[in-house]
Amino acid sequence: MNIGFIGAGNVTRTFGRHLLTAGHTIVVSNSRGPATLADYVADLGPGAVARTREQAAECDIVILATNWLNVPEALKGIDWRGRILIDATNAHIDPVPDISLAGVTRSRAALKGRRSSEMVAEMAAGARLVKSISNMPMHWIQDFSPNKPRTVIFTSGDDGEAKQLVIELINSTGLVAIDLGPLAMGDAMHDVGGPLSGLDLHLIHRLR
Ligand SMILES: NC(=O)c1ccc[n+]([C@@H]2O[C@H](COP(=O)([O-])OP(=O)(O)OC[C@H]3O[C@@H](n4cnc5c(N)ncnc54)[C@H](OP(=O)(O)O)[C@@H]3O)[C@@H](O)[C@H]2O)c1
């Protein structure tokens, strides 16, 4: 599949590499334009190209991978109707995300009881939204070899067909997608600060 990324940082570098290793192609975008991403995509290697946000949004599946404060700008001006959008963000309220318990608690309080994916769904009206890839730090999944640990990536969404495609995409990389149900249920479990966030789930660590 051809996968678009909005945002070109840690998540895109890591998950993009898993996708490329599995034989997918990726289209990477940021706010400053494709010319600024030449070194970034060269480092990712064949199969990765830099394009505009709008072009990234035309891919089979689009992954939103910007910091929370940039999400409104990142989604703006694109007709999301019918597009499959993976929300990989965590709703940190600070420009440099504070992932301490205090920082996470402040960020959750700022949502005033709303779910972050509910807010993304409003900003990307009509998108077939799936929340995933967001439940762990990327440095936990830096093994890109064929023998990588089969690490669990939580997934939730209200559009069953879109979610199934995302699950198949994640599984194709050797990581393992677990479906936590609709957004209202799953998001509350695996969003940052939820009981299933920040869990490093795979066989090797379980047996230590
Ligand atoms: N890092 C992790 O381990 C991790 C794990 C799980 C989830 N997450 C979540 O995933 C999201 C991304 O994290 P990250 O660590 O990859 O962030 P990052 O390294 O800071 O990268 C963010 C990217 O977003 C781009 N960006 C900013 N504004 C944009 C816009 N308007 N349109 C398009 N791109 C824009 C930035 O590039 P320009 O400024 O050049 O546009 C940058 O490439 C965050 O919400 C984070 O909470 C991160």
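**Strand S7 pairing.** I started at Ser132 and looked up its bridge partner in S7, which is Thr155. This is a predicted model, so I read every contact below as computed from it. Ser132 closes strand S6, residues 128-132. I checked how S6 meets strand S7 (residues 152-157): the two pair in the antiparallel sense, over three bridges.

**The whole sheet.** Next I traced the strand order. Eight strands form an open sheet, and the order reads S3-S2-S1-S4-S5-S6-S7-S8. The pairing is mixed. I then asked which strands sit at the edges. They are strand S3 (48-50) and strand S8 (176-179), each pairing on one side only. From one strand to the next, the twist averages 25°.

**Helix on the sheet.** I looked for what H1 touches. H1 packs on the sheet and contacts strand S1 (2-6), strand S2 (25-29), S3 and strand S4 (61-64). I also noted its direction, which makes about 160° with that of S2.

**Around S4.** I then turned to the neighbours of S4. S1 and S4 run parallel and are joined by four bridges. Phe5 stands opposite Ile63 in S4. S4 also pairs with strand S5 (residues 84-87), in the parallel sense and again over four bridges. Here Ile61 has Ile84 of S5 as its bridge partner.

Which way do the side chains of S4 point? I found Ile61 and Ile63 pointing one way, with Val62 and Leu64 pointing the other. All of them are buried.

**Core.** I pulled up the largest nonpolar core, which has 52 residues. Phe5, Val28, Val62, Ile63 and Leu64 have the most contacts inside it. I picked Val62 for a closer look. Leaving out residues up to four places away in sequence, Val62 touches Gly4, Ile6, Ala56, Ala57, Arg83, Ile84 and Leu85. Ile84 was already in my notes as the bridge partner of Ile61.

**Ligand shell.** Last, I went to the ligand. How many residues surround the ligand? I have 26, and the closest are Gly7, Gly9, Ser31, Asn70 and Thr89. I checked which elements give two or more residues to this shell: helix H1 (10-21) and helix H4 (71-75). So H1 came up twice in my entries: the helix packs on the sheet, and it contributes to the ligand shell. By residue class, the shell divides into 13 polar, 10 nonpolar and three charged.

Definitions and conventions
Residues are numbered from 1 along each chain as its sequence is written. This is a predicted model: local features need pLDDT of at least 70, side-chain atom pairs count only at pLDDT 80 or more; totals for chains, interfaces and linings use all residues. A residue is near a molecule or strand if its C-beta atom, placed from the backbone, lies within 6 Å of it. Ala, Val, Leu, Ile, Met, Phe, Trp, Tyr, Cys and Pro count as nonpolar, Asp, Glu, Lys and Arg as charged, and the others, Gly among them, as polar. A nonpolar core is a set of buried Ala, Val, Leu, Ile, Met, Phe, Trp, Tyr and Cys residues joined through C-beta atoms within 7 Å. A residue is buried if 20 or more other C-beta atoms lie within 10 Å of its own, exposed if 12 or fewer, and partly exposed in between; C-beta atoms are placed from the backbone. Two residues are in contact if their C-beta atoms, placed from the backbone, lie within 7 Å. Two strands pair if DSSP finds at least two bridges between them. Axes are lines fitted to C-alpha atoms, for helices over the stretch in contact, and angles run from 0 to 180 degrees between N-to-C directions.
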